[in-house]
Amino acid sequence: LVNAHYQTSPNDLLHLLQDEHCQIYVAQNNNEIVGVMLTVEEGNLDSNLVKDIQHGKRRPKGHLTPVTIINQLGYADVGALSTLRVMRIAVHPDLQGQGIGQQMLKLLEQTTAPHISYLSTSFGATEELIAFWKLSGFESIRLGSMRDAASGCYSLLMVRHCGSQQTWINEAKLLFEELLPLSAASTYPKLEPSLLRALLPTSVSTCPSNLTKRTLIECYAQGGNNFESVSVWIQQWLLQCGLADVSDLMLSKLFLNKDWSECAKQYGLPGRKQVEAQIRNELQVLIAKFTV
């Protein structure tokens with residue numbers, strides 16, 4: 001655990017031994033530990049405490065996940081549920097990439113006590129970690145607004161069903177995917193485009209679009225109307241089609257609202273004219289791809 005996470009120190013052993021809500025799991029191969037996972041049980045909060053959390057009057061320690069969900073996402077009923085939060089998970093460096101971590105999470109779900117309604121985790125968001133947790137069925141529902149001073153990462157909260165389906169998880173996931181594009185430029189102006197792509201859906205089954213909006217996008221791609229009159233429609237259209245093939249340049253301009261000079265500097269282009277030409281060329285390719 002110390003090797004795997006910068007915030008873990010041997011002193012954490014004392015906390016582990018003293019906290020009855022913490023549990024540690026190990027994966028073994030020939031009696032040698034190859035993986036380790038640290039969890040803590042949170043939630044099961046009474047209604048009065050939940051109301052105080054809603055109104056910002058109290059923030060009880062040891063309940064990171066439910067407090068965030070109640071206070072920041074508005075799901076008061078979730079406070080009464082119990083969650084098992086995976087605080088740390090680590091696999092021996094020589095054995096990473098072989099599915100050991102995924103198997104540990106799968107077994108955790110299968111052996112979790114019946115009163116646990118959902119699993120959760122919170123970590124400094126990177127593309128690799130998001131991909132790992134997504135592979136285990138976890139959904140992003142909250143991205144912190146401040147970068148961690150030590151890691152430089154935004155904290156991401158992810159959850160998944162455990163046993164019975166939790167309808168609020170699906171709703172929270174959709175609300176997160178709706179909020180992030182709308183708030184990215186103001187709340188996360190320096191968010192890496194690749195991280196934005198990792199947090200949002202990369203593909204959809206259908207790509208409906210208003211005909212007038214679509215015509216404006218097509219005309220812009222061919223050199224027609226100006227960017228300011230069509231940028232919002234391009235953003236909507238890209239979200240409908242998925243961001244898997246959208247470039248970092250396009251994400252920087254459309255979703256993070258970086259000015260033309262900043263985009264030119266970041267992507268090695270002379271100025272706005274060349275940046276806009278690249279955006280228009282990329283739109284032509286995407287339009288051709290998504291035209292049935």
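These exercises, each with a worked solution, concern helices, strands and a loop of a predicted model.

**Exercise 1. Find which residues of α8 are buried, and decide why they can be said to line one face of the helix.**

Step 1. List the buried positions. In α8 these are Arg-214, Ile-217, Tyr-220 and Ala-221.

Step 2. Look down the helix axis. The buried residues of α8 fall within an arc of 125°, so they line one face of the helix. The spacing fits a general rule: an α-helix has 3.6 residues a turn, so residues three or four places apart point the same way.

Step 3. Turn to the other side of α8. There, Leu-211 and Thr-212 are exposed.

Step 4. Identify what the buried face meets. The buried residues of α8 pack against α9 and α12.

Step 5. Inspect both ends. At the start of α8, a side-chain oxygen of Asn-210 comes to within 2.9 Å of the backbone nitrogen of Thr-212. Just after the helix, Gly-223 has a positive phi of about 105°.

**Exercise 2. Compare the span of α12 with the expected value, then state which elements cover its buried residues.**

Step 1. Take the length. Helix α12 covers residues 272–290, which is 19 residues.

Step 2. Compare the spans. From first C-alpha to last, α12 reaches 27 Å, close to the 27 Å expected at 1.5 Å a residue.

Step 3. Pick out the buried positions. They are Val-275, Glu-276, Ile-279, Arg-280, Glu-282, Leu-283, Leu-286 and Ile-287.

Step 4. Name the cover. It includes α8 (211–221), α9 (227–241), α10 (248–254) and α11 (260–266).

**Exercise 3. Describe the partners of strand β4, giving the sense of each pairing, parallel or antiparallel.**

Step 1. Place the strand. β4 comprises residues 116–124, and eight of its nine residues are buried.

Step 2. Take the pairing with β3. Strand β3 (residues 82–91) runs parallel to β4, and five bridges join the two. Within this pairing, Leu-84 has Leu-119 of β4 as its bridge partner.

Step 3. Follow the chain between these two strands. It passes from β3 through helix α4 (residues 100–111) to β4, a β-α-β crossover that is right-handed.

Step 4. Take the pairing with β6. Here β4 and strand β6 (residues 154–161) are antiparallel, with seven bridges. Thr-121 is placed opposite Met-158 in β6.

**Exercise 4. Work out how β1 and β2 are joined, and determine whether Asn-30 and Asn-31 are buried or exposed.**

Step 1. Establish the pairing. Strand β1 (residues 22–29) and strand β2 (residues 32–43) are antiparallel partners over eight bridges. One point along the pair is Ala-27, which stands opposite Gly-35 in β2.

Step 2. Locate the connection. The hairpin has two residues between its strands. Asn-30 sits in the loop between β1 and β2, and Asn-31 lies in that loop as well.

Step 3. Check the backbone angles. Most residues other than glycine have a negative phi. Asn-30, although not a glycine, has a positive phi of about 55°. Asn-31 is not a glycine either, and its phi is positive at about 65°.

Step 4. Apply the cut-off for exposure, which is over 50% relative accessible area. Asn-30 has 69% relative accessibility and therefore counts as exposed. For Asn-31 the relative accessible area is 72%, so this residue is exposed.

Notes: Residues are numbered from 1 along each chain as its sequence is written. This is a predicted model: local features need pLDDT of at least 70, side-chain atom pairs count only at pLDDT 80 or more; totals for chains, interfaces and linings use all residues. Side-chain values use heavy atoms; hydrogens and water are left out. Helices (H or I, at least four residues) and strands (E, at least two) are DSSP runs, numbered from the N terminus. The expected span of a helix is 1.5 Å times one less than its number of residues. Buried means under 20% relative accessible area, exposed over 50%, partly exposed in between (1.4 Å probe, protein chains only). Contact means heavy atoms within 4.5 Å. The arc is that of the directions from the helix axis to the C-beta atoms. A polar contact is a pair of N or O atoms within 3.5 Å; within protein, one must be able to donate a hydrogen and the other to accept it, and residues adjacent in sequence count only if both atoms are side-chain atoms. Two strands pair if DSSP finds at least two bridges between them. A crossover is right-handed if, with the strands pointing away from the viewer, the path from the first strand over the helix to the second runs clockwise.
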